[in-house]
Amino acid sequence: MSAAVKPRSPGPAPGSTAPYEAARSARRLYTWQPSRAHINAILALHGDKLRDRTRDLLRNNGDVRQAVDHFIAHLVGTGIVPNPNPGDAALKRPMRRLFLDWTDFSDADGNCDAYGQQALVVRSYLAAGEVFARRRPRRPEDGLPVPLQVQLIDAAQLPLGDNRVLPNGQVVRSGIQFDAIGRRVGYHFLKRHPGDDADPSFADRTATAFVPSSEIIHLFEVLEPGQIRGEPKLVAALVRAFLLDQYDDAEIERKRVAAMFAGFSVALAQTQVTQHPTRTLPNLPRAAIGIGEAMTLPPKVLAGLASADS
């Protein structure tokens with residue numbers, strides 16, 4: 001009985017190039033060697049640096065900051081207001097009134113109203129690619145219009161490097177705990193922001209707290225199947241924005257240096273200085289020129305010296 005012959009998959013003929021131009025490794029493309037890593041592995045390794053560089057540009061690059069401000073203004077505006085549609089029409093107006101009363105107390109940190117939180121959510125989403133909102137139920141005796149507040153948690157408080165297997169067999173990936181069938185069980189948040197060194201109340205910066213997934217809204221854009229963390233929205237423009245900012249600074253400095261003019265008026269003798277105490281230069285305001293004194297010349301001026309000077 002003869003051995004079965006495995007069929008050969010058709011491939012390019014010897015000496016031929018790849019059928020797709022984008023798959024070739026010719027002169028123009030030989031340096032293009034993209035990674036095959038999944039986005040979860042990429043963000044686990046580089047997510048912190050991408051987020052830090054994005055926020056650095058938002059702090060220091062006026063163009064990037066203005067673009068983000070405009071995006072928030074167009075998306076959120078003065079606030080996104082829900083439109084309740086209860087079965088009983090008589091309840092619609094009281095529900096809207098109750099929501100408006102609640103907006104002033106919605107922030108668990110007490111910094112914003114509900115509309116300010118909406119703008120902060122979008123800003124955090126653009127800078128970090130994700131943001132977490134935690135539902136915080138309150139007691140009736142707290143005196144709130146609705147016994148519920150929302151706490152916004154920065155992405156840096158969920159460590160991307162927190163990857164481990166728990167004793168119960170569940171897995172923690174990038175700070176998120178999953179059960180055996182891949183459902184989100186909860187989140188292992190740092191109790192304080194890792195970059196907030198101004199808070200002296202916590203000596204252990206690595207202390208975490210488990211929060212059930214039922215209390216968390218995780219906002220991020222899913223770009224690949226199986227993705228579990230968000231990618232900063234400005235990541236594709238970071239390098240160009242940074243280099244353009246450096247280019248603008250270099251051009252401004254070059255123009256500033258090119259506009260500078262320095263000159264010296266050296267008298268041949270002390271007697272000549274006393275004879276001409278108010279010597280003037282062409283097209284310049286009258287000023288006394290003495291030994292050791294500096295003259296300020298505006299840009300694009302070529303000053304001539306008298307015959308007694310050098």
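Two strands count as paired here if DSSP finds at least two bridges between them. Keep that rule in mind for the sheet views below; the model itself is predicted.

**View 1. The three-stranded sheet, β2-β1-β8.** Three strands form an open sheet in the order β2-β1-β8, and the pairing is antiparallel. At the edges sit β2 and β8 (216-220), each of which pairs on one side only. Going from one strand to the next, the twist averages 20°. Strands of a sheet pair through backbone hydrogen bonds, and the pairing can be parallel or antiparallel.

**View 2. Zooming in on β1 and its two partners.** How many bridges join β1 to β8? Five of them do, with β1 covering residues 130-137 and the two strands running antiparallel. Two residue pairs are handy for finding your way along this seam: Glu-130 has Phe-220 of β8 as its bridge partner, and Val-131 stands opposite Leu-219, also in β8. Over at β2, six bridges make the join to β1, again antiparallel. To get your bearings there, look for Arg-134, which stands opposite Gln-151 in β2.

**View 3. A helix across the three-stranded sheet.** Bring in helix α4, residues 114-128, which lies across β1, β2 and β8. Relative to β1, helix α4 runs at about 145°.

**View 4. The five-stranded sheet, β3 to β7.** This is another open sheet, with five strands in the order β3-β4-β5-β6-β7 and antiparallel pairing. Why is one side of β3 left without a neighbour in the sheet? Because β3 stands at an edge with a single partner strand, and the same goes for β7 (208-212). Further in, strand β4 (residues 171-173) and strand β5 (residues 176-178) run antiparallel and are joined by three bridges. One spot to zoom in on is Arg-173, whose bridge partner in β5 is Ile-176.

**View 5. A buried salt bridge between Asp-154 and Arg-55.** The side chains of Asp-154 and Arg-55 meet in a salt bridge, with 2.5 Å from N to O. This pair links distant parts of the chain, 99 residues apart: Asp-154 belongs to the loop between β2 (148-153) and β3 (164-165), while Arg-55 belongs to helix α1 (residues 39-60). Are the two residues buried or exposed? Both Asp-154 and Arg-55 are buried.

**View 6. The salt bridge network around Arg-139.** Which residues are linked here? Arg-139, Glu-141 and Asp-142 make up a network of salt bridges. Within this group, the side chains of Asp-142 and Arg-139 meet at 3.6 Å, N to O. Arg-139 has 51% relative accessibility, so this residue counts as exposed. Asp-142 comes in at 35%, which means it counts as partly exposed.

**View 7. Asp-162 with Arg-164.** Here is another salt bridge, formed by the side chains of Asp-162 and Arg-164, at 2.6 Å from N to O. On the acid side, Asp-162 is buried because its relative accessible area is 12%, below the 20% limit used for that label. Arg-164 is partly exposed, since its relative accessible area is 33%. Across the structure, the count comes to 14 salt bridges.

**View 8. A nonpolar patch at the surface.** Val-239, Phe-242 and Leu-243 make a nonpolar surface patch of about 300 Å². Val-239 lies in helix α5, which covers residues 238-258. Is Val-239 buried or exposed? With 59% relative accessibility, Val-239 counts as exposed.

**View 9. Stepping back to the protein as a whole.** The secondary structure comes to six helices and eight strands. Starting at the N terminus, the elements run α-α-α-α-β-β-β-β-β-β-β-β-α-α. Of the 310 residues in the protein, 28% are buried. The accessible surface comes to about 21700 Å², and carbon and sulfur atoms account for 57% of that. As for contacts between residues at least 6 apart in sequence, 58% join residues at least 24 apart.

Terms used
Residues numbered from 1 in each chain as written. Predicted model: local features only at pLDDT ≥ 70, side-chain atom pairs only at ≥ 80, totals over all residues. Heavy atoms only, no water. Patch = residues over 30% accessible without salt bridge, like charges linked within 9 Å, V, L, I, M, F, W, Y side chains within 5 Å. Areas by Shrake-Rupley, 256 points an atom, 1.4 Å probe, with all protein chains shown as cover. Salt bridge = Lys/Arg side-chain N within 4 Å of Asp/Glu carboxyl O. Helix = DSSP H or I, 4+ residues; strand = E, 2+ residues; numbered from the N terminus. Buried < 20%, exposed > 50% of the residue type's maximum accessible area, 1.4 Å probe, protein only. Contact = heavy atoms within 4.5 Å. Axes fitted to C-alpha atoms, helices over the stretch in contact; angles between N-to-C directions.
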